[in-house]
Protein chains: 2
Amino acid sequence: MSSDKQTLIGELGTAIMRWQDQTQKFDELVGHIYGLGPSERLCLSFLVQGPQTASAIAREIRLTPAAVTTLLDRLEQRGYVRRRPDPTDRRKVMVKSAAAALELVEAVYAPLAIAGAAMLDRYDVAELNIVSRVIRDSMEIQEKAARELAERGEPRSR
Amino acid sequence: MSSDKQTLIGELGTAIMRWQDQTQKFDELVGHIYGLGPSERLCLSFLVQGPQTASAIAREIRLTPAAVTTLLDRLEQRGYVRRRPDPTDRRKVMVKSAAAALELVEAVYAPLAIAGAAMLDRYDVAELNIVSRVIRDSMEIQEKAARELAERGEPRSR
DNA sequence: ACTTATTATTAGATTATCTAACAATTAGAT
DNA sequence: ATCTAATTGTTAGATAATCTAATAATAAGT
């Protein structure tokens with residue numbers, strides 16, 4: 001355990017990277033066990049925010065509308081999702097997560113959230129506020145990088 | 001800004017989730033711009049840890065050996081990766097990230113790391129240590145959850 | 001009203017992945 | 001020392017996911 005600040009910063013940086021790597025692998029594992037591919041996972045994760053239209057899903061997970069149609073067919077057939085006509089615009093289809101998705105959340109992610117809350121409870125308010133600020137700062141940096149990246153470089157040829 | 005501890009813990013939990021979501025979307029964006037699919041990204045990200053055999057890659061990113069062969073064909077053709085025979089075991093093929101992969105890291109992830117380090121430098125050592133501990137705790141929880149999940153549930157039928 | 005834009009779907013082509021079989025090599029068992 | 005069994009990466013053909021393009025229905029703009 002080195003107490004040099006620069007070393008500490010370096011270690012913290014790699015720790016953050018490993019953590020996010022681990023999170024991604026966890027989601028993958030869940031997908032593997034429940035038979036959900038990357039796009040299915042992204043779609044369900046998006047629907048946690050609330051019902052969405054098919055085209056909103058397409059934009060969010062970067063799939064063509066056609067691919068989303070078949071994706072939703074699959075998810076609907078397995079009970080993860082329900083389609084309902086939008087009453088205000090009859091072109092639209094509102095997609096909502098359904099029973100199977102809620103069961104998955106209850107079985108996998110809810111216990112994780114509970115354990116996480118218990119862990120955070122062992123820190124005091126001042127400490128939690130520090131963590132909160134670091135996260136906010138990190139997100140700002142990443143958001144800015146994403147903006148620049150999206151502006152500068154549109155899809156590169158392969 | 002509510003100062004109630006339980007509220008703070010709840011907000012921090014969702015902030016962490018959003019952060020990891022944002023990270024995943026960032027990687028996706030990079031993939032979109034550079035024409036790299038999820039498996040390609042996973043493979044390259046794994047190779048950052050050093051050269052690996054084809055079968056190690058297959059295990060890591062949960063692809064069959066056959067799929068890895070074609071995946072590596074693609075990546076090798078575009079200069080992201082190089083295959084070399086393993087001198088100690090002539091069945092094996094060592095895979096190593098190559099020029100295109102390093103350029104991608106330099107162009108995208110290195111600036112992010114620099115900005116992140118500068119951000120962390122604005123905190124003092126005591127604060128950084130707190131963040132470090134929270135990350136370590138979070139990773140332990142997730143690791144445990146992953147172990148239990150992997151043991152309890154092997155692939156569910158679709 | 002008429003034209004244009006948006007939304008979701010279908011049909012057919014393309015791409016990624018899988019299953020199964022295989023060839024080369026190494027490890028293990030007497 | 002051979003022989004058998006296990007490991008490693010590849011190929012060939014089948015399956016699945018995604019894309020492109022065309023279509024039908026609806027909404028918005030003029």
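How many residues does α5(B) have, and how far does α5(B) reach from its first C-alpha to its last? In this predicted model, α5(B) has 23 residues and spans 31 Å between those two atoms. That is close to the 33 Å expected at 1.5 Å a residue. The helix does bend, though. A kink of about 40° sits at Y109(B), shortly before the proline P111(B).

Now look at what surrounds this helix. A101(B), L112(B), G116(B) and L120(B) are buried residues of α5(B). Their cover includes elements from both chains. Chain A contributes α1 and α6. Chain B contributes α2 (38-47), β2 (81-85), β3 (93-97) and α6.

That leads to the contact between the two chains. Here 56 residues of chain B are in contact with 56 residues of chain A. On the chain B side, α1, α5 (99-121) and α6 each supply at least two residues. The largest share, 19 residues, comes from α1(B). By class, this side of chain B divides into 34 nonpolar, 13 polar and 9 charged residues.

Next, turn to the largest nonpolar core. It holds 16 residues. I130, V131 and V134 of chain A touch the most other members, together with I130, V131 and V134 of chain B. Four helices each supply at least two residues of this core: α1 (5-34) and α6 (125-152) of chain A, and α1 (5-34) and α6 (125-152) of chain B. One residue shows the link between the chains. Residues up to four places away in sequence aside, V134(B) touches Y123(A) and V131(A).

Follow α1 in chain A. This helix has 30 residues and reaches 43 Å from its first C-alpha to its last, close to the 44 Å expected at 1.5 Å a residue. L12(A), I16(A), W19(A), T23(A) and Y34(A) are buried in α1(A). The cover over the buried residues of α1(A) includes α5 (99-121) of chain A, along with α1, α5 and α6 of chain B. After the helix comes G35(A), with a positive phi near 70°.

The DNA strands come next. Around strand D there are 22 residues, and the closest are S39(A), A66(A), A67(A), S55(B) and A66(B). The elements that each give at least two residues to the surface near strand D are α4 (65-77) of chain A, plus α3 (54-61) and α4 (65-77) of chain B. This surface divides into 9 nonpolar, 7 polar and 6 charged residues.

Strand C also has 22 residues around it. Nearest to strand C are S55(A), A66(A), S39(B), A66(B) and A67(B). Here α3 (54-61) and α4 of chain A, with α4 of chain B, give two or more residues each. The surface near strand C has 9 nonpolar, 7 polar and 6 charged residues.

Finish at strand β3 of chain B, where V93(B) is found. Is V93(B) buried, exposed or partly exposed? V93(B) has 18 other C-beta atoms within 10 Å. A buried residue needs 20 or more, and an exposed one has 12 or fewer. V93(B) is therefore partly exposed. Its contacts, leaving aside neighbours within four places in sequence, are T53(B), A54(B), R83(B), P85(B) and D86(B). N129(B) lies 36 residues from V93(B) along the chain, and 41 Å separates their C-alpha atoms.

Technical notes: Residues are numbered from 1 along each chain as its sequence is written. Chains are lettered from A and ligands numbered from 1 in the order in which they are written. This is a predicted model: local features need pLDDT of at least 70, side-chain atom pairs count only at pLDDT 80 or more; totals for chains, interfaces and linings use all residues. A nonpolar core is a set of buried Ala, Val, Leu, Ile, Met, Phe, Trp, Tyr and Cys residues joined through C-beta atoms within 7 Å. Two residues are in contact if their C-beta atoms, placed from the backbone, lie within 7 Å. Ala, Val, Leu, Ile, Met, Phe, Trp, Tyr, Cys and Pro count as nonpolar, Asp, Glu, Lys and Arg as charged, and the others, Gly among them, as polar. The expected span of a helix is 1.5 Å times one less than its number of residues. The bend at a residue is the angle between axes fitted to the seven residues ending there and the seven starting there. A residue is near a molecule or strand if its C-beta atom, placed from the backbone, lies within 6 Å of it.
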